[in-house]
Amino acid sequence: MMTTENSACLARIVDDLAERGWSLQPAFIAQTLTQELAEECRARAAAGALAPAGVGRGDGLQVREGVRGDRIQWLEPGQSPASDQYLQCLDALRQALNQGLYLGLEDFEGHFALYPPGAFYQKHVDRFRDDDRRTVSVVFYLNPDWQAEQGGALRLYLEDGRTQDVLPQAGTLAVFLSADLPHEVLPASRERLSLTGWFRRRGEQPL
Ligand code: OGA
Ligand code: MN
């Protein structure tokens, strides 16, 4: 159900993206749902369901741990009540972005991600060279009591030359324009869990 509180949160994300291309929300969804998602991520990892993430797409997909060292599992509707609830929250965000910014976002693709201690993801942009559908990146963090000394920040390279570090603290949602903001994940001294994904617009269909 949509509350006044979360519609205010969606409105802030829309305004931030319009003004500067990125937004951080420290408490995007209820703490209980955040905890359920963290437990689910750990359970999926313990069951061996998370696989080394690749770089690139389609035939060019490669596992390169020197580029990214996370393990992932893609989200599908119907996997669990918690992940379905999360997908519903994201769909409300997708609709708010379409209403406020006319982005024409059609769908979402995303995955659980686990970075073991020491793993990182080198500086990159999320939009693929040969597929421009990824438009808005959304990363939701699942790590309670994260301390800055533990590393693991998401570092955003802003358009004015500054950087913005985001700690992967449970409850925080980072949102940014996929084509515009290069970013990296710094290594951490503890396991780092997240749900990462992208709202996509319609692609150019070959005739
Ligand atoms: C990614 C990514 C950021 C993060 O998976 O493309 O940049 O903070 N993740 O996990
Ligand atoms: Mn990325």
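Mentor: Ala, Val, Leu, Ile, Met, Phe, Trp, Tyr, Cys and Pro count as nonpolar, Asp, Glu, Lys and Arg as charged, and the others, Gly among them, as polar. The model discussed here is predicted.

Trainee: By class, which residues does the shell around ligand 1 have?

Mentor: Tyr 121, Val 139, Tyr 141, Leu 154, Val 185 and Trp 198 are among the surrounding residues. Asp 126, Arg 192, His 124, His 183 and Thr 196 also surround ligand 1. By class, the shell has two charged, three polar and six nonpolar residues.

Trainee: Which strand supplies the largest share of the shell around ligand 1?

Mentor: At least two shell residues come from each of β5 (121-124), β6 (134-141), β10 (183-185) and β11 (192-201). The largest share is three residues, and the strand supplying it is β11.

Trainee: How much of the accessible area of ligand 1 does the protein cover?

Mentor: Polar side-chain atoms of Asp 126 and His 183 lie 3.2 Å and 2.9 Å from an oxygen atom of ligand 1, respectively. For Tyr 141, the corresponding value is 2.5 Å. Of the 290 Å² that ligand 1 has on its own, the protein covers 99%.

Trainee: Where does ligand 1 sit among the pockets?

Mentor: Ligand 1 has Leu 154 and Trp 198 among its surrounding residues. The space that ligand 1 takes is the largest pocket.

Trainee: How far apart in sequence are the parts that His 124 and His 183 tie together?

Mentor: His 124 (NE2), Asp 126 (OD) and His 183 (NE2) are the protein donors of the manganese ion (ligand 2), lying 2.1 Å from it. Their sequence spacing is H-x1-D-x56-H. His 124 is in strand β5 and His 183 in strand β10, so the pair ties together parts separated in sequence by 59 residues.

Conventions
Residues are numbered from 1 along each chain as its sequence is written. Chains are lettered from A and ligands numbered from 1 in the order in which they are written. This is a predicted model: local features need pLDDT of at least 70, side-chain atom pairs count only at pLDDT 80 or more; totals for chains, interfaces and linings use all residues. Side-chain values use heavy atoms; hydrogens and water are left out. A residue is near a molecule or strand if one of its heavy atoms lies within 4 Å of it. A polar contact is a pair of N or O atoms within 3.5 Å; within protein, one must be able to donate a hydrogen and the other to accept it, and residues adjacent in sequence count only if both atoms are side-chain atoms. Accessible areas come from the Shrake-Rupley method with a 1.4 Å probe; for residues, only the protein chains shown count as cover. On a 1 Å grid over the protein atoms alone, a cavity is a set of points where a 1.4 Å probe fits but cannot get out, and a pocket is an open set with protein on both sides within 12 Å along at least five of seven lines; lining residues have an atom within 4 Å of a point. A molecule sits in a cavity or pocket if more than half of its atoms lie within 2 Å of its grid points. Helices (H or I, at least four residues) and strands (E, at least two) are DSSP runs, numbered from the N terminus. Donors are N, O and S atoms within 2.8 Å of the metal (3.2 Å for Na, K and Ca); water is not among the atoms, so sites may look incomplete.
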